[in-house]
Structures are given as structure tokens and as C-alpha cells.
Amino acid sequence: MEKNKQKSPKPLWRKLLKTAAWIVGVVLLLMVLTLGGIVWILTPQKLTPLIEKTANGYIDGRLNLSRAELTVWKTFPHLYIDIDSLTLTGNAFNSLDQAQRESLPVYADTIATVDRFHGGVNVMALLIGKIRLYDVELKSMQLNAVVYDSVTANYNIVPPSPDDNSEAATSIPDITINRFDIIDALDVRYFSAADSIDVALRLSNSRLKGNDPGYDITMDSRLSAMISPDINIDSLRVGINGRLDWHHDRPQELELKDFTLAVNELSTRFDSRLKLWDEFTVEDLDLTVTPFSPAQALASIPAQWRPQLPAFDTDMNIAMTAKLAKPYVPATDSLPSMTVTVDIPRCSGYYDKYHWDALSLEAEANVNGDDIDKSVVTVKSLTASADGMKLSLNGTATALTTDPAVDADIVASADFNRMAKAMKSDIPGTIAGKLDIDTHVKMQLSHLNKNSFHNMLLNGTLTLKEFDYDSPDTDTRIYTHLSEFKLGTNESFVRDTNRVDSLLTASVSIDTAAFTGRGVSLFARSLKLGAGCSNNSSSSDTTVVTPIGATFRAEYINFLSSDDSTKVKLNNIRAYAALKRYEAQARVPQLGMNIATEQAQYADRYNRLILRDGQFNISAHLRLTPVVNRRLKMRYDSLRAQHPTLSTDSIIAMMRKMSSRNSRHDYETLDLTVGTSMQRLLRQWDVKGSIKAKRGGMFTPFFPVRNRLSNVVLEFTTDSVTLDSVRYDVGRSDFMISGKLRNIRRAFTSGGTLQADLNVTSDSLNVNEIVQAAYAGSAFAEKAGEGVVTTATVDNTHQLDSLASAAAASGETSALLVPTNLRANISVKAHNIIYSDLAMHDFNGELIVNRGAINLRDLSASSDIGSARLTALYSAPRKSDIRFGMGLVLNGVNVHQFLNMMPAVDSLMPLLNSFEGIIDADIAATADIDSLMNIELPSLEAAIKL
């Protein structure tokens with residue numbers, strides 16, 4: 001029964017599987033037979049000309065092969081092709097003439113040459129639309145790109161297709177390669193006749209190796225280039241090593257990982273993501289430069305660009321990093337936005353003749369590619385030390401292109417005694433001592449001017465110890481035992497319980513300092529100087545006045561100018577100054593100053609002055625409206641009406657000519673005019689103040705007698721000086737002076753008339769001494785004008801007395817001229833007067849000076865020989881025009897004493913010698929006087945009534 005039993009049928013899936021296997025086997029057999037047939041038919045002898053014919057029919061050039069061979073049997077499913085001695089040439093330059101061809105290199109027509117090409121493709125993958133390339137090798141390949149002009153180039157060998165559509169969508173197949181090798185070298189050359197560019201690149205032993213899902217790349221190359229006018233790179237070695245990630249389904253994206261780029265001795269590792277299509281974009285970049293030395297960096301610079309540096313050596317290594325902050329599109333972005341760091345570990349070395357012991361740097365730059373001005377440079381740490389010098393710095397810099405701003409801490413020191421000889425040799429002279437700086441600064445470049453300096457934020461100190469600088473070449477020497485300069489911001493100041501905050505302050509403290517140079521010497525002891533100004537938001541407005549205050553103290557100051565023999569000595573001087581807003585007007589400045597000194601001495605070539613316990617106070621502010629002289633305005637308006645077509649400058653010039661014609665240049669005048677800058681100040685500013693002093697002494701050979709002042713109290717303005725009971729001792733005479741000097745502004749600016757209204761009282765008045773001093777001073781002034789007198793520098797009042805006595809004893813006289821630009825009204829009272837050998841008392845009268853004349857009006861006095869009243873006029877506007885006239889009334893005078901007092905009367909009336917007793921007399925006389933102050937007798941006219 002079992003034998004008759006039928007076999008069960010096989011499952012359907014087995015039948016299908018078997019059928020499919022047969023079908024696949026048949027297809028593979030057919031494919032192998034087909035490929036085998038193709039390879040069998042396309043022998044190298046047939047394949048080589050076929051490739052040449054096909055290619056040459058498609059290009060405007062020529063392709064030559066020595067041999068081409070296909071291999072499939074031994075390598076299936078890979079189909080390999082081997083090509084030997086490939087040469088590709090173009091016909092682009094056939095239209096050029098002989099001269100044009102000679103401007104091109106000999107290889108101009110040759111586009112490419114390859115000694116051997118080997119590579120394979122997986123034919124099975126091709127059936128499903130995938131391209132799998134294997135073992136691609138290029139041996140000894142050369143690529144040449146030669147450009148004659150913008151339209152003629154050797155690589156233009158493919159004619160445009162008539163149905164070419166550049167806007168058609170591009171489809172990238174699924175393509176991979178397991179290995180791509182350049183054996184021996186790949187030489188690439190680019191030549192441009194129009195731009196004079198010749199570049200050569202050699203890729204040696206380069207490899208691209210597939211490493212799913214990306215590729216590992218290794219490349220070693222050398223670059224040479226000749227670019228007009230001066231770029232000549234002989235040989236620059238460039239190496240590349242890293243990994244490429246690229247996928248056909250995202251063909252526009254390329255990622256570089258662990259990439260290393262080496263240029264000569266410099267090496268950089270970076271990771272990056274690139275977007276290749278549409279707009280080329282660097283999506284990300286993280287770069288690290290391998291630490292390198294300065295020598296390695298210089299070696300990478302072309303020789304013609306390499307600076308000719310002195311000898312140097314250092315163990316310095318510089319490390320840098322860069323990280324992209326946002327995607328960078330080169331076509332539209334001028335600069336990438338990125339963070340760059342620089343790190344220099346501690347190092348030492350020398351440069352030329354300079355040596356440093358330690359140098360380190362840690363810095364970072366946040367570059368804003370959209371707006372470079374918003375970039376920030378941060379120096380986290382900079383330290384340096386050399387022979388006797390140290391520096392430590394950290395800070396930031398912003399607003400680099402508009403108004404650079406710095407916020408930094410700086411600590412520095414210099415021991416000039418330990419400074420290297422090489423550094424000292426660059427200083428013109430010798431230097432010793434020590435300098436220390438410790439400061440914090442926050443400022444902008446725009447703050448470095450007189451209108452904005454107060455906006456700087458500065459805190460710190462600068463100290464000089466035993467500093468001594470001597471430069472014989474420039475005749476300069478500076479010395480200080482200890483000097484300290486302090487700067488402060490946001491400081492406070494308290495005075496009279498009032499607190500002022502937010503101040504920018506500066507102070508100087510010097511125990512001893514000396515300076516000599518260029519004819520000037522200055523010595524100071526215990527000097528302190530401080531200044532401060534408001535430093536808040538309102539201070540940034542440069543159109544308004546920023547309040548500023550300053551103080552100055554010194555125990556002793558000695559100044560000497562050898563050029564003009566000017567000497568100033570100050571003992572225990574104190575000074576305060578302040579700049580504020582006048583009457584709360586923000587744009588009108590007011591300057592206040594207070595100076596006090598225990599003793600002040602001044603000397604120049606001719607004059608000496610000593611002042612004790614003096615005080616000087618001044619307040620000045622800009623004039624709100626300019627004051628125009630009424631007479632000048634009337635004259636201007638008159639000329640304007642007469643000449644309506646003339647410009648303002650022309651009319652002013654006419655006014656000056658008229659003034660010049662009206663002036664008498666040979667008349668005696670006091671030259672009180674000051675320099676142009678001082679005249680401008682007098683016109684633009686209103687000044688008032690006071691001067692007080694306990695006593696003072698003065699000597700001038702223009703009035704050679706000892707002058708002493710005491711209880712000095714005077715007030716002044718720009719136009720006047722008011723004296724309040726000032727005691728003035730002249731030789732053996734004394735005066736108490738009160739009154740006012742007026743019209744000073746015009747006298748100092750335009751030569752106007754100086755006016756004086758004074759009340760003078762005296763206990764003792766020696767007319768003989770004063771007249772003699774006036775005559776001697778006039779003689780000295782004449783000699784000084786001729787440049788034939790000199791005087792020595794004096795230091796004390798005893799020497800002043802000696803000089804005064806010597807000048808007064810010379811006996812020389814000259815014409816006593818009266819300035820025509822001086823107008824005075826002086827009321828005089830004196831208790832005791834010495835005139836000739838006559839003693840008088842109860843003297844009073846009035847002295848009037850006007851237009852070069854002195855009028856003695858209603859002078860009266862009494863004496864032991866009687867009483868007298870005098871009215872006289874002395875006119876001396878110039879040497880050639882001196883006259884004298886008087887009227888004298890004598891009461892109860894002894895005849896013989898009268899003749900002894902006035903011997904000239906005896907000459908006129910000899911009969912008076914026959915009289916005796918007491919007489920009354922009226923005398924009137926006029927006479928001309930010569931330049932030596934002698935009476936010209938022919939001109940004498942006199943009348944006497946007895």
C-alpha cells in the first residue's frame with residue numbers, strides 16, 4: 001500500500017525561488033558573455049582609435065592615446081580601463097599671429113597630459129543607477145590653463161550645445177569612490193598674458209580614500225607663482241590631510257573633519273561645513289593653528305615681501321584659534337563674524353640689540369563682519385619684562401573704526417639704573433632713577449582734546465624716584481628726588497561742608513625738582529599741584545562750560561632765564577584757580593584765581609622787585625557784548641556814509657591812515673601797548689581783582705632811587721586801578737597815595753591816553769633827591785635806548801641800595817620829557833619839604849599832567865625865611881620843544897636868603913645885593929630849555945616886583 005502511495009507536491013515558493021535563480025543566472029551569464037564579447041571585440045588595437053575618433057569629433061582640439069585597454073574577466077563585477085600616454089591639445093590659439101604666439105609659453109596648446117590612467121567601475125551597481133568607482137590612479141599628470149585675453153583660452157575646446165539649458169535642474173547620481181591616487185605628481189599651471197600671472201602647483205603623492213560614509217584625503221604640494229609687478233613665490237609647500245563627508249542626496253553640502261592644512265612650517269587644523277550651491281556659504285568653521293615660532297612665520301612669507309629684520313632669536317611659540325560666529329557668505333559679506341584668540345606662553349629672546357627676559361600674551365578678538373566698528377578686542381593678559389623694565393596690561397578696545405575706546409589696567413615700572421646699555425644708547429643723554437606706573441584708564445580717542453579731556457576716566461599713580469636725566473647735546477637736565485603724579489575719576493571734594501562728587505582729578509607732588517635747558521633753569525621744593533573737573537553726563541556737552549578747579553602750593557621756586565636775565569623767586573606760594581559758569585550762564589566762562597606768597601622777588605635786565613606777604617585775587621569772564629568806542633563808531637559811520645561802496649576792511653584801513661596822519665611820532669609817549677594775544681584778551685574779557693601786600697621794594701635805573709611799598713591795597717579791573725592808602729617811600733621821601741588809574745584797556749591795546757586821579761600826602765618830601773633821580777633816570781633811558789648799558793643780577797635789598805646810589809651818583813642828566821599820552825590830576829599835601837638847602841613845611845597844591853606838560857597849580861608852602869605860592873608850567877613833549885614858565889609870590893622873605901635860594905635873580909638884578917631886611921616879592925619868568933636841561937638865556941623873560 002505504501003508503494004502505491006503518491007509523492008506530495010513541492011511548495012510554490014521553492015518553485016518561484018528556483019525560477020528566479022535560473023533567471024538571474026541566465027541574466028548574469030548573458031551580461032558576462034556580453035561584456036566578454038565587448039572586451040574580446042574591443043581589443044586595445046580597436047579601442048584606442050575608437051576613443052580618439054569619438055573624442056576628436058566632439059571637441060575643438062585633438063586627443064591622442066598610445067594605448068587603451070578594458071579588463072573585466074579577472075575583475076568582475078568591476079570593469080577597469082587602463083590608458084597610457086594621453087595628450088589633449090586645443091586649437092584656440094591658431095588664430096593668433098606670430099608675435100602674439102611668442103608672448104605665450106611653449107606649452108600653451110597642451111591642455112593635459114597623463115602618463116597612465118587606471119580606474120574601474122562596478123557594472124552591477126550601474127544597473128541600479130549607482131556609480132561605484134574603484135582604484136583610480138593618475139600617474140605623472142599635467143594640466144595647463146593658458147589665457148590670452150578674456151575670450152581666448154586653450155581650454156575652450158567644447159563647442160556649446162544648441163539645446164543647452166543652463167537653468168535646467170542638475171541631478172547628481174549616487175556616486176562613491178574607494179580610492180583616488182596621484183602617483184609621482186600632478187602639475188597644474190595657470191598662465192594669463194593679460195594679467196602677467198604665472199602660477200605653478202605640483203601635487204605629490206596625493207590620495208583620496210573612501211571611508212564610509214566619507215573620505216580621507218592626503219595631499220602634499222608645492223606652489224610657485226609669478227604675479228606682476230612684484231610677487232614671486234619660488235616654492236611654497238602646501239599639505240592637506242583630513243576627512244571629507246559628502247552625500248549625493250545632499251550634493252550642496254560638504255563637511256570637512258579633522259582637516260589639517262600645512263604651509264611650509266605652519267600647520268592649521270580645522271573643522272568646517274560648506275554649502276556649495278546657490279550662494280557659496282561657510283556654515284561653520286572651527287580652526288586651530290598649531291603653535292609656531294616667528295621664524296617659521298617669516299619663512300612662509302615670499303622673499304620680496306619679507307621684511308629685512310635685524311638679528312633676533314626667541315623661544316616664542318604663538319598659538320591661535322578662530323571660530324565662526326555665524327554663516328559667512330563671501331559673495332555678500334565683506335568679513336566673517338568670528339572669535340579669534342592669540343596665546344603666547346612665557347618666552348624670552350632678543351631682537352637686534354634688545355633682550356627681554358619674559359613675554360606672554362593672552363588676547364581675544366570678537367570680529368563683527370557686518371559692522372567692524374562693533375568688534376571687540378580683549379587683552380586678557382599681557383606681561384613683559386626686560387632689563388630693569390616690567391609691564392602688565394589687560395583691557396578691551398571697542399569702536400575701532402569710528403572713535404576707538406580703551407578700557408585698560410596698566411602696571412609698569414622702569415629701573416633706569418638697570419636698563420640695558422643698548423636701550424640707553426638710544427636715549428640722547430644719560431638717565432637714572434626709577435619710574436612706577438599703576439593706572440586704570442577708560443577713554444576714547446576723541447577725548448584727547450581741550451574740549452573733551454574731562455570725559456576720560458583715569459585712576460592711578462606715576463612715581464619718579466631719584467630720577468636724573470642729563471643731555472649735553474640739548475643742554476637739558478631734569479632731576480627729582482621724589483615725584484608722584486596721581487589721576488582720579490569719580491573722586492569727591494568737601495569744602496565748607498559742601499560735597500562735590502563725580503570729579504576727574506589730577507595731582508602732582510614733588511619734594512625736590514630741578515630743570516635746566518635752553519637758557520632756562522627752574523628749581524622747586526615741596527611742590528604740590530592738584531586739579532579737578534566735573535565728570536558726569538552733562539560734561540559731555542562741549543558747548544557749555546565744564547567747571548574746573550586747581551590748587552598749587554610750593555615751599556620754594558627759583559626761575560632763571562639767562563637769555564633775558566629774568567629771575568623769579570617765590571617762597572611759600574599758594575594758588576587756587578577755578579573755571580565756572582558766569583552768573584549761571586552755561587556758555588559764558590568765568591575764571592577765578594587767588595595767589596598768596598610769603599615773599600616774591602623779580603628781576604630782569606634793568607628792574608628789581610621784592611614783595612612780601614602778598615595776595616593776588618582775580619576774576620575774569622567773557623564780555624557778553626563787545627564795547628565799541630563811541631568816537632570810533634561815529635568816525636566809522638561818517639566814513640561809511642561818504643564811501644558806501646567800500647568794504648568794512650577798507651574803511652578800517654582809512655581810519656588807521658587818518659589816525660597815523662594825526663599822530664606826532666616825535667612826541668614823547670609811554671609805550672604801554674602789549675602783544676596781539678594780550679590785546680585780544682583785554683578786549684574780550686572783563687577782569688576785576690585786588691592786590692594786597694604788607695611791604696615791597698623796587699628798583700629801576702629809570703628812576704634810580706630806592707622805592708618801598710607798604711600796606712599795599714589796590715583793586716583793579718580791565719580798565720582801572722584803585723589805590724587805597726598805599727604807603728610809598730622814595731629814598732628819604734614818603735607818600736600816602738589814594739586814587740584811581742583809568743582808561744587802561746585803551747592804553748594797553750591802542751596806545752590811548754592813560755588817566756590818573758590821585759591824592760598824595762607826605763610827611764617828608766625831598767625834592768632834591770626826586771629831581772636828581774628823575775634826571776639820572778632820563779639819562780639812563782637814553783643810554784639804554786642806544787644799547788650801551790648793562791646791569792648785574794641782584795638778590796636782595798642791600799644790593800638794590802648800592803645800585804641806586806651808584807646810578808644817582810653818576811651826575812648825568814638828560815632832557816626830562818613828559819609823555820603826551822599821560823593825563824593826571826594829583827593833589828599833593830606835604831608837612832616837610834627839602835628843596836635845595838631850604839626846609840619848608842605845610843606844602844599843598846595840585847599837579848596836572850596833560851598833553852606833554854606839567855602844571856603846578858596853586859602850590860604853597862611856608863619856611864623859616866617866609867612863605868611862598870607857586871604856579872608853574874613845564875612843557876616837554878619832545879626834546880626840541882621844552883619850555884618853562886612860573887609865577888612865584890614870596891611873603892616876608894629875607895633878601896640875602898632869597899638870593900641864595902634863587903641865584904639867577906642876582907644875575908638879573910645885581911642891585912638887590914645892596915638891600916637888606918625883609919621883602920615881599922612877585923616873580924614871573926618864562927624860558928626855553930635845551931636837551932641837557934639848561935636854560936637858554938636869550939629866551940629868558942622875567943619880571944620881579946619887590
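**View 1. D135 sits in strand β5, which covers residues 130-147.** This is a predicted model, and here we zoom in on a single aspartate and its surroundings. Is D135 buried or exposed? D135 counts as buried because its relative accessibility is 19%, and the cut-off for buried is under 20%.

**View 2. Here are the residues that D135 touches.** Leaving aside residues up to four places away in sequence, D135 touches Y80, H118, G119, N178 and R179. Which of these has a side chain joined to that of D135 by a polar contact of 2.8 Å? Look for Y80: its side chain and that of D135 make this contact.

**View 3. Strands β26 and β27 run antiparallel.** Now we move along the chain to residues 548-561, which make up β26, and residues 566-581, which make up β27. How many bridges join the two strands? There are 13. To trace one of them, start at L560 and go across to K567 in β27, its bridge partner.

**View 4. The turn between β26 and β27 completes a hairpin.** Four residues lie between the two strands. One of the residues in the turn, S565, has a positive phi of about 60 degrees.

**View 5. Stepping back, the whole chain has 14 helices and 41 strands.** The chain runs to 946 residues, and 35% of them count as buried. Its accessible surface comes to about 54800 Å², with 57% of that belonging to carbon and sulfur atoms. Take the contacts between residues at least 6 apart in sequence: 53% of them join residues at least 24 apart.

Methods
Residues numbered from 1 in each chain as written. Predicted model: local features only at pLDDT ≥ 70, side-chain atom pairs only at ≥ 80, totals over all residues. Heavy atoms only, no water. Pairing = 2+ DSSP bridges. Buried < 20%, exposed > 50% of the residue type's maximum accessible area, 1.4 Å probe, protein only. Contact = heavy atoms within 4.5 Å. Areas by Shrake-Rupley, 256 points an atom, 1.4 Å probe, with all protein chains shown as cover. Polar contact = N/O pair within 3.5 Å; in protein donor to acceptor, adjacent residues only side chain to side chain.
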